[in-house]
Amino acid sequence: MPESTTSVAAASTDLPPEEVAELRRIAVDLAESAAAHVRARRPEVFGPAGAAAEDAVRTKAHPTDPVTVVDTEAEELIRARLAKARPGDPILGEEGGGARVGADETDEAVHWVIDPIDGTVNFLYGVPGYAVSVAAMRGGRSVAGAVVDVARAVTYSAGLGLGAISVDADGVVEHLRCTPIDSVSLALVATGFAYGATRRTRQARLMAEILPEIRDIRRFGAAALDLCHVAAGRVDAYFEHGLNAWDWGAGALIAAEAGAVLTLPPASAPGTDGDLVMAAAPGIAAQLRALLDRVGAGEPIPDR
């Protein structure tokens, strides 16, 4: 879909509810299995003092953007399980690449979009704010997804038209809803920052203009969890530039099914384009977007 203020939950799909529910079940199973692996492997790889094993960490496009051996293992685990559960379905993973997510609404294939560890820096440092994200997309739209908060063992999930829930480690189910806030001046807003110096510098300047207009800012370090926090009412809104489909594929649907209004780029758009992703409680969505537009944050911030 083109970048616009929209609700993912309002997107049409001809998938029957029972098929959406099955895709959601698979997404939950995949995300929880990978999360269990990540949870078990962290002390093995980093040791009791938090020291990384040799060759356990490397960097990607920027020296501040790490990937660990556990990211790779978790993605391989998900891919192997998907090959058995849904043979032939295209897969796009943050670490392993794969099939490009098409925006053609006539494409009936279900594409699986995976972030094996969202919030790798938090994972690296032992900060309890990292997640596994698995989304099923069709025609460029999310139809089912799951995000597991690894450290807290909480699973967030949604199916298009079926609502959004969280299930904690004790099995307690919560039906998710955004906050009823109606004034952006009282909004607690989550955000994130890029790894590249050019985009990060621009984001910092924008933040200086946005911060006086809202209640406060929170920076948790995992986009998928930020979107789930909007759904659960822990923050009133979230925005960030330069995300890829694996960052928002599941979380955006969860937020939308909880009532949030979304601004999303096409699923095929690379994060280097710097497009805006925004999720906000419905009572402040228009106000927040107007604020972002006024200070120039509504425009893309390319990574160059």
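**Exercise 1. Classify R25 by exposure and describe its salt bridge with E22.**

Step 1. R25 has a relative accessible area of 46% and is partly exposed; buried means under 20%, exposed over 50%, and partly exposed in between (1.4 Å probe, protein chains only). The model is predicted: local features need pLDDT of at least 70, side-chain atom pairs count only at pLDDT 80 or more, and totals for chains, interfaces and linings use all residues. Residues are numbered from 1 along each chain as its sequence is written, and side-chain values use heavy atoms, without hydrogens and water.

Step 2. E22, at 34%, is partly exposed.

Step 3. The side chains of R25 and E22 form a salt bridge of 2.8 Å, N to O, that is, a side-chain nitrogen of Lys or Arg within 4 Å of a carboxyl oxygen of Asp or Glu.

Step 4. R25 and E22 are three residues apart in helix α1 (residues 17-46), so about one helical turn separates them. Helices (H or I, at least four residues) and strands (E, at least two) are DSSP runs, numbered from the N terminus.

**Exercise 2. Locate D89 and find its side-chain partners.**

Step 1. D89 sits in the loop between α2 (69-85) and β4 (91-93).

Step 2. With a relative accessible area of 17%, D89 is buried.

Step 3. The side chains of D89 and R86 meet in a salt bridge (2.6 Å, N to O). R86 is partly exposed at 21%.

**Exercise 3. Which residues are linked with R41 in a network of salt bridges?**

Step 1. R41 and E44 form a salt bridge of 3.1 Å, N to O, between their side chains.

Step 2. The network links R41, E44 and E73.

Key. A polar contact is a pair of N or O atoms within 3.5 Å; within protein, one must be able to donate a hydrogen and the other to accept it, and residues adjacent in sequence count only if both atoms are side-chain atoms.
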